[in-house]
Amino acid sequence: MTLQEYDYARERPSKLAASCLLLALTMKNLGGWTPTLEYYSGYCSQDLHPLVKRLNFLLTYQPHDKLKAVRTKYSHRVFFEVAKVTPMDMLKLEEILKSC
């Protein structure tokens, strides 16, 4: 989704990937940002929080008239239906990120 949004072009690809991973871990309750992830990514959890919030906002308020092909493709079983995953409530995400 971010590849087609100009606002994310200025972000480092490594930071964007790390933020996406942290958001996915949070959405699926698979734990937080571990010291191992921090070591190998080079980012601490607090560095990623603003971008994680922006990513969740993008998922929450995505226009439904644009990018239908991308949404349709990733709604398929082959891609684990990731386009159908419900975004996190912004307040709940904020609380979880504060505890990290």
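Which residues are linked in a network of salt bridges? In this predicted model, the network is made up of Arg 10, Glu 11 and Arg 54. It belongs to a modest tally, as a search of the whole structure turns up 4 salt bridges.

Take Glu 11 and Arg 54 to begin with. Their salt bridge brings the closest N and O atoms to 2.8 Å from each other. Glu 11 sits in the segment before helix 1 (13-27), while Arg 54 belongs to helix 3 (residues 45-60), so this pair ties together parts that lie 43 residues apart in sequence. As for exposure, Glu 11 is buried, its relative accessible area being 18%, whereas Arg 54 comes out as partly exposed at 25%. With a cut-off for burial of under 20%, Glu 11 falls on the buried side at its 18%.

Helix 3 has another salt bridge to offer, through Lys 53. The side chain of Lys 53 meets that of Glu 94, with 3.0 Å from N to O. Since Glu 94 is part of helix 5 (residues 90-99) and Lys 53 part of helix 3, the pair ties together parts 41 residues apart in sequence. Both partners are partly exposed: Glu 94 has a relative accessible area of 28%, and Lys 53 has one of 26%.

Then there is the salt bridge between Lys 84 and Glu 81, where the closest N and O atoms are 3.8 Å apart. Lys 84 is exposed, with a relative accessible area of 52%, and Glu 81 counts as partly exposed at 34%.

Now for how helix 1 and helix 3 pack. Two packed helices are described by the angle between their axes and the distance between the axes. For helix 1 and helix 3, the angle is about 70 degrees and the axes are 8 Å apart. The two helices are therefore roughly perpendicular to each other. On the helix 1 side, the contact takes in Lys 15, Leu 16, Ala 18, Ser 19, Cys 20, Leu 22, Leu 23 and Met 27. Facing them from helix 3 are Ser 45, Asp 47, Leu 48, His 49, Leu 51, Val 52, Leu 55, Asn 56 and Leu 59. Sorted by type, the residues of this contact come to 11 nonpolar, 4 polar and 2 charged.

Two of the helix 3 residues in that list, Ser 45 and His 49, deserve a closer look. A polar contact of 2.8 Å joins their side chains. His 49 is buried, at 11% relative accessible area, and Ser 45 also counts as buried, at 6%.

What does His 49 touch, once residues up to four places away in sequence are set aside? The answer is Leu 22, Leu 97 and Cys 100. With Leu 97 there is a polar link as well, the His 49 side chain reaching the backbone oxygen of Leu 97 at 3.5 Å.

Ser 45, with its neighbours within four places in sequence left out, is in contact with Leu 22, Trp 33 and Cys 100. Leu 22 and Cys 100 thus turn up among the contacts of Ser 45 and of His 49. Leu 97 comes back into the picture too: its C-alpha atom is separated by 8.2 Å from that of Ser 45, although the two residues are 52 residues apart along the chain.

Note on methods
Residues are numbered from 1 along each chain as its sequence is written. This is a predicted model: local features need pLDDT of at least 70, side-chain atom pairs count only at pLDDT 80 or more; totals for chains, interfaces and linings use all residues. Side-chain values use heavy atoms; hydrogens and water are left out. Helices (H or I, at least four residues) and strands (E, at least two) are DSSP runs, numbered from the N terminus. Buried means under 20% relative accessible area, exposed over 50%, partly exposed in between (1.4 Å probe, protein chains only). Axes are lines fitted to C-alpha atoms, for helices over the stretch in contact, and angles run from 0 to 180 degrees between N-to-C directions. Angles under 35 degrees count as roughly parallel, over 145 as roughly antiparallel, 65 to 115 as roughly perpendicular and the rest as oblique. Contact means heavy atoms within 4.5 Å. Ala, Val, Leu, Ile, Met, Phe, Trp, Tyr, Cys and Pro count as nonpolar, Asp, Glu, Lys and Arg as charged, and the others, Gly among them, as polar. A polar contact is a pair of N or O atoms within 3.5 Å; within protein, one must be able to donate a hydrogen and the other to accept it, and residues adjacent in sequence count only if both atoms are side-chain atoms.
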